[in-house]
Amino acid sequence: MTKCSEVEVSKSWLCANVLNFLSCLIFGFPCSGGNEISKKIKELRYEQGVLQRQLAALLEIDTPMFSKIERGDRKAKREQVIKIAEYFHQDVNEMLTLWLADKVLDAVENEDAINLAAIKIAKGEIKAKNT
């Protein structure tokens, strides 16, 4: 597999998961609870045959703590996501996008009546800051 193909697969995975996240918000489909980064970390670890204790050592945390991150019981810190992305030679921005999407979903999770309106306002603010 060429590097280009790996990037295309990675982007399609990201796109599918972001679309799933947005479907949860827009159509009220059941969501995974904001654990996309946890799923991605576990997927990468399995694909490359890396042990939890190896990643725990990389992050300078104990194995049970890493296990909680991978299960979605505990949230990874931004710096930890960056270290994991670099370790697995993944695009840091794509990994951080999943991490941030989880944070957004967590923030609006129990606000069913107003979550889309809040996201729309936030989107407008983000666009205004980026122009």
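The legends below walk through several views of this predicted model, starting with the whole chain and then moving in on its parts.

**View 1. The protein chain as a whole, with 7 helices and 0 strands.**
Welcome to the overview. Following the sequence from start to end, you meet the pattern α-α-α-α-α-α-α. The protein chain has 131 residues, and 33% of them are buried. Its exposed surface comes to about 8,500 Å², with carbon and sulfur atoms supplying 57% of that area. Take the contacts in the protein chain with a separation of 6 or more: 59% of them join residues 24 or more positions apart.

**View 2. The largest nonpolar core, with 18 residues.**
Here we look at the core and its members. Which residues touch the most other members of this core? They are Ile-37, Ile-41, Phe-66, Val-81, Ile-84, Phe-88 and Met-95. At least two core residues come from each of α2, α3 (52-59), α4, α5 (78-87) and α6 (92-108). Helix α6 gives the largest share, 4 residues.

**View 3. Phe-88 and the residues it touches.**
Stay with one member of the core for a moment. Phe-88 is among the residues that touch the most other core members. Leaving aside residues up to four places away in sequence, Phe-88 touches Leu-44, Arg-45, Gln-48, Val-50 and Leu-55.

**View 4. Helix α2 packing against helix α4.**
This view brings together residues 36-48, which form α2, and residues 63-71, which form α4. Their axes lie 7 Å apart, and the packing angle is about 115 degrees. Angles from 65 to 115 degrees count as roughly perpendicular, so α2 is described as roughly perpendicular to α4. On the α2 side, the contact is made by Ser-38, Ile-41, Lys-42 and Arg-45. On the α4 side, the partners are Phe-66, Ile-69 and Glu-70. Sorted by class, this contact of α2 with α4 has 3 nonpolar, 1 polar and 3 charged residues. Two of the names may be familiar from View 2: Ile-41 and Phe-66 are among the residues that touch the most other members of the core.

**View 5. Glu-43 in helix α2.**
Is Glu-43 buried, partly exposed or exposed? Its relative accessible area is 25%, so Glu-43 is partly exposed. Now find Glu-70, one of the α4 residues in the contact with α2. Glu-43 and Glu-70 are 27 residues apart along the chain, and their C-alpha atoms are separated by 9.7 Å.

**View 6. Helix α3 crossing helix α4.**
How do α3 and α4 meet? Their axes come within 8 Å and cross at roughly 100 degrees. That angle makes α3 roughly perpendicular to α4. Helix α3 brings Gln-52, Arg-53, Leu-55, Ala-56 and Leu-59 to the contact. Helix α4 answers with Thr-63, Phe-66, Ser-67 and Glu-70. The residues of this contact of α3 with α4 divide into 4 nonpolar, 3 polar and 2 charged. Leu-55 also appears in View 3, as one of the residues touched by Phe-88.

**View 7. Glu-60, a loop residue with a positive phi.**
Look between α3 and α4, where a loop holds Glu-60. Glu-60 is not a glycine, although its phi is positive, at about 60 degrees. With a relative accessible area of 68%, Glu-60 is exposed.

**View 8. His-89, a loop residue with a positive phi.**
Our last stop is the loop between α5 and α6, where His-89 is found. The phi of His-89 is positive, about 55 degrees, although this residue is not a glycine. His-89 is exposed, and its relative accessible area is 63%.

Definitions and conventions. Residues numbered from 1 in each chain as written. Predicted model: local features only at pLDDT ≥ 70, side-chain atom pairs only at ≥ 80, totals over all residues. Heavy atoms only, no water. Axes fitted to C-alpha atoms, helices over the stretch in contact; angles between N-to-C directions. Parallel < 35°, antiparallel > 145°, perpendicular 65-115°, else oblique. Contact = heavy atoms within 4.5 Å. Nonpolar A, V, L, I, M, F, W, Y, C, P; charged D, E, K, R; others polar. Core = buried A, V, L, I, M, F, W, Y, C linked by side-chain atoms within 4.5 Å. Buried < 20%, exposed > 50% of the residue type's maximum accessible area, 1.4 Å probe, protein only. Areas by Shrake-Rupley, 256 points an atom, 1.4 Å probe, with all protein chains shown as cover.
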